[in-house]
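Visitor: Before we start, please show me the model. I would like reasons as well as labels.

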Amino acid sequence: PDCAVLALRVNGRAHRVPAAPDTPLLHVLRNDLALNGPKFGCGLGECGACTVLIDGVAARSCVIPVRAARGREVTTLEGLGTRAQPGATQQAFIECQAAQCGYCLNGMIMTVEALLRRNPRPTEDELRSELHHNLCRCGTHIEILRAGLRAAQ
Ligand code: FES
């Protein structure tokens, strides 16, 4: 496939990445930029594990071609905070011990983050509805919901 050098802005930093423009954004983030917060789950836009923010809005990076991210601000889990200084949403998930295997948590955290950016005080129903299409196979949805509510406090 045709390869081009694409200019991307991720977590506040400019990058130039050689990639075929149709490559899923997720692959570029993980394979070229070593940002492994976003996870590969279904690869079909169904599970939410690969969620990132594009201009502050939650997006499923496994089904978004990298060319669609040009000129936009991409934020990954790494952009919310660090291990030493987690962001507020990340901190809430840590305090609520919302992970079992943890594979879905990137998507859960990024989805809650996107919601809180546009609606800082969501109701429980709003939170539930926002997370409705993020799948967790371990069944820790209750802890995840608690973490989301804590993040909104
Ligand atoms: Fe992208 Fe499942 S891996 S939605």
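Guide: What follows is a short exchange on one helix pair, a cavity and a pocket in this predicted model.

Visitor: Why are helix 2 and helix 5 called oblique to each other?

Guide: Their packing angle is about 135°. Roughly antiparallel needs an angle over 145, and roughly perpendicular covers 65 to 115. An angle of about 135° fits neither class, so helix 2 and helix 5 are oblique to each other. Their axes lie 8 Å apart, and the crossing is right-handed.

Visitor: Which residues meet where helix 2 packs on helix 5?

Guide: Helix 2 brings Thr89, Ala92, Phe93 and Glu95. Helix 5 answers with Ile144, Ala147, Gly148, Arg150 and Ala151. By class, the contact has five nonpolar, two polar and two charged residues. Gly counts as polar here.

Visitor: What makes the space lined by Ala98, Cys104 and Cys136, among others, a cavity?

Guide: A cavity is space where a 1.4 Å probe fits but cannot get out. The structure holds one such cavity of 30 Å³ or more, with a volume of about 30 Å³. Its lining also includes Cys101, Leu105 and Cys138. Seven lining residues are nonpolar, three are polar and none is charged.

Visitor: And what makes a space a pocket instead?

Guide: A pocket is an open set of points with protein on both sides. The largest pocket holds about 430 Å³ of space. It has 19 lining residues, and Leu77, Gln90, Ile94, Leu105 and Ile109 lie nearest its centre. Helix 2 and helix 3 each give two or more residues to this lining. Its classes are nine nonpolar, seven polar and three charged.

Conventions: Residues numbered from 1 in each chain as written. Predicted model: local features only at pLDDT ≥ 70, side-chain atom pairs only at ≥ 80, totals over all residues. Heavy atoms only, no water. Axes fitted to C-alpha atoms, helices over the stretch in contact; angles between N-to-C directions. Helix = DSSP H or I, 4+ residues; strand = E, 2+ residues; numbered from the N terminus. Parallel < 35°, antiparallel > 145°, perpendicular 65-115°, else oblique. Left-handed = near helix turned anticlockwise from the far one by under 90°. Contact = heavy atoms within 4.5 Å. 1 Å grid on protein atoms, 1.4 Å probe; cavity = no way out; pocket = protein on both sides within 12 Å on 5 of 7 lines; lining within 4 Å. Points joined across faces, edges and corners; volume = space filled by probe spheres on them.
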